[in-house]
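Student: Could you take me on a close look at how the helices here pack together, and at the loops that link them? I would like one connected account, please.

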Amino acid sequence: MMISLGILSATLLLALLLSMRGARSTGGTTSLEQWSVGNRGFGTVLVFMLLAGEIYTTFTFLGGSGWAYGRGAPAFYIIAYGAVAYIMSYWLLPAIWTRATAWKVLSQSEYFTRAYGSRALGNVVAVVSIAALMPYLVLQLKGLGIIVSESSYGAISANAAIWIGTTATVIYVVLSGVKGSAMTAALKDAMVLLCVVGLGIVLPYKLHGGIGPMFTRIAAEYPDFLTLPSSGMSPSWFASTVLLTVLGFYMWPHTFGSVFTARDASVFRRNAALMPLYQLVLLFVFFIGFAALLSVPGLEGADVDLALLRVTRDAFGPWIVGLVGAAGLLTALVPGSLILMSIATTLARILRPQREGQPADSATRARLLVPVLAAIALFFTFRGGSTLVTLLLMAYSMVTQLFPALLASLLPHSRITAAGAIAGIVVGEAAVAVTTLGGMSMASLLQGWPHGITDINAGFLALMLNVITMIAISVAFPQTTNGPQRVAG
Amino acid sequence: MTKPYRLLALIPAVAILGAPWFANRIEPRILGMPFLLGWIVFWVLMTSVVMAIIGGLDDRNP
């Protein structure tokens, strides 16, 4: 127990020290541009670490193995969507970057304000951003609590871990901004690679005699577990969910914001070939989940997320448990820090909008917001209850609703207006809320239709209503003056 | 279309999105993995290869 506790504390300390290095190299007074997007000077490696740092969250770590453990083949969608998203990123991210850099925007909400020349649209996007990011941050904090309390064998309670982790995150976000997150992300990537790939290979061999024998046993004990069922999480569920997740992938405000840190557009084109390789880390996460299914069966409901930590505790001593816990700790801290920064930057820019010819904004306002936002997140973590769970269920669908308006902003002769974009987003979000809160699916809406259609992810319905509304309003009330600002891309 | 090599990107995308129709079975196993998982992993690797080829042919990249 002391050993794993020692490793956990040492990792937290190392993360803090690394982020301080990021802070020291900036020196003097920091502009908001420096703090939140690293003066738009990151090369391929730093952008890779940042994007990888964001994408591999506690969900990947605990949820990915939990899905393999609890659901089997449907979990494979988690590997699939990343690869398709990276294909899209080759064209999407340079286009966003070119415009964002020309306009010197620092947040997603600001991007929309400039793209459509409408502050109202920017504010709508900011509301969506914050409503989706807050529950996501709380999810990271809850995951952190689970990881630390499990891997310290209960020596640190989940609540204590959440307080310590949040305090550390606030300190390094305030001090070093995005550079600190990129440095910590490097440490995280190294530890996640080591632990996940190591466990993913060692556990199947140690417990079940190899990867092949492990799957042979699963196929015998759980027939149908390793293929998609013909209804429910069926082939059309898989394809539609992958596609929908791809559209939402870069719409997360903190991911969208990471795009602004790049030095030039070719950074993204290089990363489009690099990122899919890193995606394969998930394969080893699945191996761990499957190994756990045979060794520690019986976890149900939300407890399936404990599969990875339980099987590690069963198979190894405190050294390994400590290392895995430390890697897990970082999968919560790095995305958490970027989310905090993203909300703080969005709010700071709304409180004091960007104006032409004005001296660079200082980071002070955004930095002061960070502890306040962290306190709100802590409040929700301890007192959140069911509202939060619902918001989280909706969060991915909520950010996905921004995709149509984003795409329209990139098209050369788009006639989509700000009013159309706002109406589309509002209708889309309303549809997301109604279908999620009402527990509706295509199956309940289209009774008697074939599974190929009713298994399609209900998120498409909201997206379709969004697009139809956006086009209808734009055609009905065409804009004559103040058209969207376009930059050649 | 001025840059036909871009169409290469469609190959892994279709292979992955269509995986459950092309590959929804356990046998033959790929490196011990069920065929569906092996298929997806193979095409994730190919995504990397294809995007590197497209990046190499794209004259906007230094």
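Tutor: Happy to! A helix here is a DSSP run of H or I that is at least four residues long, and helices are numbered from the N terminus. Keep in mind that this is a predicted model.

Let's begin with a loop in chain B. Pro28(B) is found between helix H2 (19-23) and helix H3 (35-57) of chain B. The peptide bond that leads from Glu27(B) into Pro28(B) is cis, with omega near -10 degrees. Most peptide bonds are trans, and most residues other than glycine have a negative phi. With that in mind, look at two loops of chain A. Lys104(A) sits in the loop between H5 and H6 of chain A, and its phi is near 55 degrees, a positive value in a residue other than glycine. Lys104(A) counts as partly exposed because it has 15 C-beta neighbours inside 10 Å. Tyr153(A), in the loop between H7 and H8 of chain A, has a positive phi of about 55 degrees although it is not a glycine. Tyr153(A) has 16 C-beta neighbours inside 10 Å, so it too counts as partly exposed.

Now follow the chain to H6(A), which spans residues 108-116 and holds Ala115(A). Ala115(A) counts as buried because 28 other C-beta atoms lie within 10 Å, where the cut-off for buried is 20 or more. Ala115(A) also shows how a fold brings distant stretches of sequence together: Leu410(A) is 295 residues away along the chain, yet the two C-alpha atoms are separated by 8.7 Å.

Next comes the packing of helices. Two packed helices are described by the angle between their axes and the distance between the axes. Take H5 (residues 77-103) and H10 (residues 235-249) of chain A: their axes come within 9 Å and cross at roughly 50 degrees. That angle makes H5(A) oblique to H10(A), and the crossing is right-handed. On the H5(A) side, the contact is made by Tyr77(A), Ala80(A), Tyr81(A), Val84(A), Ala85(A) and Met88(A), while H10(A) brings Phe238(A), Thr241(A), Val242(A), Thr245(A), Val246(A) and Phe249(A). Sorted by class, this contact has 10 nonpolar, 2 polar and no charged residues.

A second pair is H4(A) and H13(A), whose axes come within 7 Å and cross at roughly 50 degrees. So H4(A) is oblique to H13(A), and this crossing is right-handed. Among the contact residues are Gly64(A), Ser65(A) and Gly66(A) of H4(A), and Phe286(A), Gly289(A) and Phe290(A) of H13(A). Here the division is 10 nonpolar, 5 polar and no charged residues.

For a third pair, find H8(A) and H15(A), which pack at an angle of about 140 degrees with their axes 6 Å apart. That makes H8(A) oblique to H15(A), and their crossing is left-handed. The contact residues divide into 22 nonpolar, 8 polar and 1 charged.

Several of these helices come back around H14(A), residues 307-315, in which Ala307(A), Leu308(A), Leu309(A), Val311(A), Thr312(A) and Arg313(A) are buried. What covers these buried residues includes H4, H7, H8, H13 and H15 of chain A.

Finally, see how the two chains meet. On each side, 32 residues take part: 32 of chain A are in contact with 32 of chain B. H5, H9, H10 and H12 of chain A each supply at least two residues of the side that touches chain B, and H12(A) gives the largest share, 8 residues. By class, that side of chain A has 25 nonpolar, 5 polar and 2 charged residues.

The largest nonpolar core has 199 residues, and within it Ala80(A) and Ile40(B) touch the most other members. H15(A), residues 318-351, provides the largest share of this core, 19 residues. Leaving aside neighbours within four places in sequence, Ile40(B) is in contact with Phe76(A), Ile79(A), Ala80(A), Ile16(B) and Ala19(B). And Ala80(A) is one of the H5(A) residues that contact H10(A), which ties our first helix pair to the core.

Key
Residues numbered from 1 in each chain as written. Chains lettered and ligands numbered in written order. Predicted model: local features only at pLDDT ≥ 70, side-chain atom pairs only at ≥ 80, totals over all residues. Axes fitted to C-alpha atoms, helices over the stretch in contact; angles between N-to-C directions. Parallel < 35°, antiparallel > 145°, perpendicular 65-115°, else oblique. Left-handed = near helix turned anticlockwise from the far one by under 90°. Contact = placed C-beta atoms within 7 Å. Nonpolar A, V, L, I, M, F, W, Y, C, P; charged D, E, K, R; others polar. Core = buried A, V, L, I, M, F, W, Y, C linked by C-beta atoms within 7 Å. Buried ≥ 20, exposed ≤ 12 C-beta atoms within 10 Å, placed from the backbone.
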